[in-house]
Amino acid sequence: QVQLVESGGGLVQAGGSLRLSCAASRSTFNSNVMGWYRQAPGNQRELVAGISRGGNTNYADSVKGRFTISRDNAKNTVYLQMNNLKPEDTAVYYCNAHPGVGWGPGAYDYWGQGTQVTVSS
């Protein structure tokens, strides 16, 4: 059964930090890439960060140096540590499992339900 459950969103002031978690079923966690995407009102969903099964990472330019993606294989969980948050980081953040080649996204991806992150100025 595919399951991605996000947690950790909330309201934070600019400059603050949040950590998002995504707990996955074991089979889903073994996807080629686990990642985080976000979608702000009126915008398309965009990649935030991805991490491969081997631990390679990929970040959007807008979050490099501020966000860190990691995975705990024993817990089937992927994390997104977000530091120095800015108002433009406000969005719904979605956990993603990409079983295909490359970083994704793809047609056969799995998605969580999303968690709201709001950064006030």
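How much accessible surface does the chain have, and what share of it belongs to carbon and sulfur atoms? The accessible surface is about 6200 Å², and 46% of it belongs to carbon and sulfur atoms; areas come from the Shrake-Rupley method with a 1.4 Å probe, and for residues only the protein chains shown count as cover. The structure is a predicted model, in which local features need pLDDT of at least 70 and side-chain atom pairs count only at pLDDT 80 or more, while totals for chains, interfaces and linings use all residues. Residues are numbered from 1 along each chain as its sequence is written, and side-chain values use heavy atoms, with hydrogens and water left out.

Turning to the overall fold, the chain holds one helix and 11 strands, in the order β-β-β-α-β-β-β-β-β-β-β-β. Helices (H or I, at least four residues) and strands (E, at least two) are DSSP runs numbered from the N terminus. The C-alpha atoms fill a box of roughly 40 × 30 × 25 Å along the principal axes. The radius of gyration is 13 Å, which agrees with the value near 14 Å for a compact globule of 121 residues; this radius is taken over C-alpha atoms, and the globule rule is 2.2 Å times the number of residues to the power 0.38. Of the 121 residues, 43% are buried, meaning under 20% relative accessible area (exposed is over 50%, partly exposed in between; 1.4 Å probe, protein chains only).

Strand β5 (residues 46–52) is a good place to look more closely: five of its seven residues are buried. Strand β5 pairs with β4 (residues 33–39) in the antiparallel sense over six bridges, where pairing requires that DSSP finds at least two bridges between two strands. On the other hand, three bridges join β5 to β6 (residues 57–59), again antiparallel. Gly 50 of β5 is the bridge partner of Gly 35 and also has Asn 58 in β6 as a bridge partner. Both connections are hairpins: six residues lie between β4 and β5, with Gly 42 at a positive phi near 80°, and four lie between β5 and β6, where Gly 55 in the turn has a positive phi of about 95°.

Further along, Met 82 lies in strand β8 (residues 77–82) and counts as buried because its relative accessibility is 0%. Beyond its neighbours within four places in sequence, Met 82 is in contact (heavy atoms within 4.5 Å) with residues including Leu 18, Leu 20, Phe 67, Tyr 93 and Val 117. Met 82 and Leu 20 are 62 residues apart along the chain, yet their C-alpha atoms are separated by 7.9 Å.
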